[in-house]
Every structure is written in C-alpha cells, then in structure tokens.
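These are my notebook entries on one structure. I looked up its surface, its helices, its core and its enclosed spaces.

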Amino acid sequence: KCNSMHKNAVTIITRLQPEMVKSVIGNIIKLFTEITSVHISDEEYFTYLTADGELYDKSVLPNNEEEKTSQIRRENKAYSYKEQLEELQLRKELEAKKGKSKEIQMTPKQKEAVKNQLEKEAAIRAKLRAMNDVLERGISQVEACLVGSELHLSLHYKDLLPVILDGLKSPLLALSMAQLYITLGSQQITKENLGEFFAFIK
C-alpha cells in the first residue's frame, strides 16, 4: 500500500541521488506492464464497481427480466462506458426504492446458484482491487520522482509513456493512467533544471 511516508522517502532519495530514478522507474514499468497485460472485461469492471455482498449479475435470481434486458444492451458495443455506468446507478436507485418489501422466495438450488455467483463476483473484486493497489503504488512513485528529480524522470519517458498508453485500453486503469499522462505532459524543463542535469552528467 502506498502512503505519504513512502512517497516522501522516494522524493528525498531521488532528489539527493537522481541516478536512483532509473531504478525506481524500472520497477514501476515492470508493475505497470504486469497489470496492463491483464484483460478486463466490461462484466468484470462493473462487478468491481458493485458493492460487496450485492449481485451485479442478477440473472441467477428467479424471474429477473430486467437483467436479461440489460444484458442485451451491454453486449452492444455502441453502448458507451458512461451510459453503462449511468445504467448501473439507475438500477441501484430503483432497487433502493423498491426496498425489501418483496422478498424473493428461492429454492435450495437457486440459493446455491446465488451463493456461487456472490463468491465468483467477490473473487473478481479482489483481483481488480489488487490491480488497483499496484496502479496506485506505481503512480505514487512516479509522482514522487517528479517532485524529487523532474528532469531525470523525463529521460525515462520513452520507456514509461508506452506502458501508460497501454493502460488506456483498460476500463480499470484508463482514468488514472490518463491523469498521469496529462500530469507528465504538463511539466516544463527550466534553465535551472538543465543546469542541474549537466552538472550531474559531468
């Protein structure tokens, strides 16, 4: 888990010894490569967004026509992530309004199916949360290097940026990777930084 203490430590180390940026970025690229190589489906992503203990895929519940209809819509590639998120939120609001007044009666077989689906979705959430933890840790270290030695970090953009761009293909990683890309792109190299750099390489 990343925290402010670790982030500050990386900042101080890379400020005092800029050559350490290479090692830090090498580790970050390795972490990012591992998580960007994992394919995440729309179903997995929206399962991840669903609260613990709640079913995202309600097709296992008896007489659930709403889920069958939404399933067809999700398979339509023209149906954007934003629209799917809005649908997910709408479904949650409708379920909250309905309350628990209509308790669904299930057979033992149906209860077992629900239990299995809950376990399956819990495993998906655990996997994606672990990936998100890796992502946050990597981004935290990149930001620490940016503060510690901005110019030396820029020397590794040619290796770092392709991995960040790969992350834009993943629904889980896309937003954070895009924000990191924008942050790196907004930095400016000053004369003072160049002076420090040339002094370092001499």
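I looked up the surface first: the chain exposes about 12,700 Å² (Shrake-Rupley method, 1.4 Å probe), and carbon and sulfur atoms supply 57% of this area. The model is predicted, so I note that local features need pLDDT of at least 70, side-chain atom pairs count only at pLDDT 80 or more, and totals for chains, interfaces and linings use all residues. Residues are numbered from 1 along each chain as its sequence is written, and side-chain values use heavy atoms, without hydrogens and water.

I then checked burial. Of the 202 residues, 36% count as buried (under 20% relative accessible area, 1.4 Å probe, protein chains only).

For secondary structure I found 10 helices and 0 strands (DSSP runs; helices are H or I of at least four residues, strands E of at least two).

Next I looked up the largest nonpolar core, a set of buried Ala, Val, Leu, Ile, Met, Phe, Trp, Tyr and Cys residues joined through side-chain atoms within 4.5 Å. This core has 35 residues, and among those with the most contacts inside it are Phe32, Leu160 and Leu172. Helices H2 (20-36), H3 (42-49), H6 (108-148), H8 (157-167) and H9 (174-185) each supply at least two of its residues. The largest share, 10 residues, comes from H6.

I followed Leu172 further. Leaving aside neighbours within four places in sequence, Leu172 is in contact (heavy atoms within 4.5 Å) with Ile40, Tyr45, Tyr48, Leu128, Met131 and Asn132.

Methods. Buried < 20%, exposed > 50% of the residue type's maximum accessible area, 1.4 Å probe, protein only.
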